[in-house]
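Hi everyone, thanks for coming. Let me put the sequence and the model up on the screen, and then we'll walk through a few places together.

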Amino acid sequence: MIDYFKAIVLGLWSVVVGMSVTMKYFFAKKVTLQYPDQRWEMPERFRGMVKCDPDKCISCLYCVNICPVSCITLESVKVDVPAKVINLEGKEMKRLKDVTNFEIDVAKCIFCGLCTEGCTTGAIFMSHDYEISCYHRKDMVYQWARKKE
Amino acid sequence: MLQEYINLLQKFTVKYLTFLSFVPIEIWYIIFIFVAGAAVFGGAMLFAGLGSYAERRVVGFFQSRLGPNRVGPQGILQFMADGIKLVMKEDLIPAAADKILFRAAPYLLFIGTLGVFAALPFSKTIGITNMNLGLLYILAISGFVVIGILMAGWGSGNKWSLLGGMRSVAQIISYEIPIGICFLTVIMIAGTMNMNQIIDLQAGGIFRWFVFRYPPFTLIAFLIYYIASLAEVNRTPFDIPEAESEIVAGYHTEYSGMRFAMFYMGEYANMFVVAAIASIIFLGGWQSPLPFGILNVFGDYYQLLAIFEGFCWFLAKALFLVYIMMWLRWTLPRYRVDQLMEICWKVLMPISIINMLLIGAWVLLVK
């Protein structure tokens with residue numbers, strides 16, 4: 001008989017304990033991130049979409065050649081007066097060509113980052129953009145140019 | 001209460017709408033029945049919809065999430081979006097189903113819930129009826145829910161549905177006994193089954209409520225009623241009729257679209273109903289917990305507002321109990337079938353009977 005009441009009291013008590021645990025979570029800070037309004041801050045070396053700064057590009061074709069999936073196309077023309085570009089080591093370099101069409105087909109890109117590692121001037125770099133979905137395949141091809149033709 | 005409204009309506013027509021005075025009183029009755037039916041239906045729908053929203057939101061909070069918060073302010077219109085989605089869904093009837101039973105089941109289930117809504121006194125004068133046998137009527141009409149569930153389970157032509165329906169009926173019928181005994185306890189104290197009179201007896205502050213009237217017996221009766229009502233509306237930890245991990249969704253496995261919505265809304269409306277009954281018979285219904293109404297101090301001029309205040313108290317109590325149901329749901333795991341029956345027959349039943357006898361003795365002695 002005592003066991004019977006003991007079990008009832010114990011059962012009710014365990015319910016109270018459980019409810020106190022859930023109540024703690026009720027008032028705890030929520031872990032949800034309201035995505036389109038709030039975003040995670042990306043880590044510094046996050047590999048997002050590859051982007052290009054055509055003002056810095058010296059058209060060495062390093063990225064075009066090293067790309068394992070050949071997603072980069074580069075066209076440029078010679079200039080009469082060479083411009084000066086500062087490379088990643090802080091030295092001045094001459095830029096003899098102007099980029100007329102720098103194309104990255106993001107649909108092909110595998111985000112390996114090989115193109116950015118060898119770029120002497122930092123013209124090609126991995127941005128923190130990750131919302132790159134679109135409706136048409138042709139929208140996946142991103143173009144940059146120094147001189148519009 | 002019906003008579004009062006009809007008389008009021010007739011007075012109003014005689015005074016202001018003279019061209020309508022040729023309408024006989026029977027027509028007014030019919031009109032009033034339709035209006036009251038629409039009010040009950042709308043109210044039940046609103047409670048059910050907001051209940052489903054509240055449940056999702058509360059669950060979210062218990063699980064460190066936010067829950068739906070996109071549609072409308074704080075996501076409060078989420079239930080409308082859900083409803084529109086469900087209306088547009090295809091209405092499937094399985095080939096193996098018993099078509100008549102399958103179609104009729106959700107309506108029968110909903111009738112049980114709506115019937116109870118019609119008898120609830122929301123405030124001093126807000127309410128559809130004022131029945132002398134209110135509690136008995138509620139106990140009887142909520143039996144419709146059982147028939148609806150059994151019909152759904154049998155008519156679906158699906159083993160999961162049948163199992164769920166059978167489990168649900170066994171559970172509800174078992175737990176109706178402790179609920180009936182708890183009702184009996186209250187009836188013995190009050191000496192009436194009329195819910196308005198029961199509430200009137202609890203006037204005058206929190207310590208006049210029936211929960212605290214005969215300590216600790218009425219408190220035990222309240223707890224037993226609350227636990228049994230959880231089983232009555234198939235809520236966790238007594239949700240074995242729709243145990244997802246065992247029998248898919250129980251008796252509404254085969255339902256989709258609006259018919260499923262009827263089951264869903266019936267469940268949430270039922271939750272509100274049992275919470276409302278608990279607050280009426282144990283927590284003083286629309287009586288204020290203070291010894292006087294907050295707005296009564298302003299005198300007769302604020303009578304109408306005082307009625308509204310009572311309505312707010314009633315809602316607050318009922319919704320608090322609904323909240324505790326949700327809290328329990330997201331705290332406790334599910335019982336096995338044998339544990340469920342053990343709790344009912346070995347714990348709730350004997351304790352409630354002894355409790356009732358003790359309260360009866362006390363009431364007799366005090367009188």
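Let's start with a puzzle: is Leu61(A) buried or exposed? Have a look before I tell you. Okay: Leu61(A) has 11 other C-beta atoms within 10 Å, and the cut-off for exposed is 12 or fewer, so Leu61(A) is exposed. One reminder before we go on: this is a predicted model.

Leu61(A) sits in the loop between strand E1 (50-52) and helix H2 (62-66) of chain A. And there's something else about the backbone here. Most residues other than glycine have a negative phi. Leu61(A), though, has a positive phi of about 70°, and it is not a glycine.

That loop between E1 and H2 of chain A also holds Asp53(A). Asp53(A) is partly exposed, because it has 16 other C-beta atoms within 10 Å, and that falls between the two cut-offs, 12 or fewer for exposed and 20 or more for buried. Now, how far apart in space are Asp53(A) and Arg146(A)? Along the sequence they are 93 residues apart, yet C-alpha to C-alpha the separation is 8.8 Å.

Let's zoom out on chain A for a second. Chain A splits into domain 1, which is 1-31, and domain 2, which is 50-144. The C-alpha centres of those two domains of chain A are 62 Å apart.

Next, the sheet. Strands of a sheet pair through backbone hydrogen bonds, either parallel or antiparallel. In chain A we have an open sheet of 3 strands, in the order E2-E3-E5, and the pairing is antiparallel. Which strands are at the edges? Those are strand E2 (72-86) and strand E5 (141-144) of chain A, each pairing on one side only. From one strand to the next, the twist averages 25°.

Let's go through the pairs. E2(A) and E3(A) run antiparallel to each other over 11 bridges. If you want one bridge to find on screen, take Val77(A): its partner in E3(A) is Asp98(A). The hairpin of E2(A) and E3(A) has 5 residues between the strands, and Gly90(A) in that hairpin takes a positive phi near 90°. On the other side, strand E3 (residues 92-105) of chain A pairs with E5(A), also antiparallel, over 4 bridges. There, Phe102(A) has Trp144(A) in E5(A) as its bridge partner.

Now over to how the chains meet. How many residues of chain A are in contact with chain B? There are 11 residues of chain A, in contact with 11 residues of chain B. On the chain A side, these divide into 7 nonpolar, 3 polar and 1 charged.

On to the cores. In soluble globular proteins, nonpolar side chains tend to be buried together. Here the largest nonpolar core has 92 residues, and those with the most contacts inside it are Phe272(B), Ala275(B) and Ala278(B). Helix H11 (residues 257-281) of chain B gives the largest share of this core, 17 residues. There's also a second, separate core of 16 residues, and among its members are Cys57(A), Cys71(A), Cys115(A) and Ala123(A).

Let's pick out Phe272(B). What does Phe272(B) touch, leaving aside its neighbours within four places in sequence? Phe47(B), Gly51(B), Ala318(B) and Val322(B) are its contacts.

Three last stops in chain B. Val58(B) is in helix H2 (residues 25-62) of chain B. With 19 other C-beta atoms within 10 Å, Val58(B) is partly exposed, because buried takes 20 or more. Beyond its neighbours within four places in sequence, Val58(B) contacts Tyr323(B) and Met326(B).

Gly134(B) is in helix H5 (residues 134-141) of chain B. Gly134(B) has 25 C-beta neighbours inside 10 Å, so it counts as buried. Its contacts, apart from neighbours within four places in sequence, are Ala119(B), Met193(B), Asn194(B) and Met195(B). For Gly134(B) and Ala119(B), 15 residues apart along the chain, the C-alpha atoms are separated by 6.5 Å.

And finally, is Asn234(B) buried or exposed? Asn234(B) counts as buried, because it has 24 C-beta neighbours inside 10 Å. You'll find Asn234(B) in the loop between helix H9 (217-232) and helix H10 (244-247) of chain B. Asn234(B) has a positive phi of about 55° although it is not a glycine. That's my tour, thanks for listening!

Conventions: Residues numbered from 1 in each chain as written. Chains lettered and ligands numbered in written order. Predicted model: local features only at pLDDT ≥ 70, side-chain atom pairs only at ≥ 80, totals over all residues. Domains from an automatic or database assignment. Contact = placed C-beta atoms within 7 Å. Nonpolar A, V, L, I, M, F, W, Y, C, P; charged D, E, K, R; others polar. Helix = DSSP H or I, 4+ residues; strand = E, 2+ residues; numbered from the N terminus. Pairing = 2+ DSSP bridges. Axes fitted to C-alpha atoms, helices over the stretch in contact; angles between N-to-C directions. Core = buried A, V, L, I, M, F, W, Y, C linked by C-beta atoms within 7 Å.
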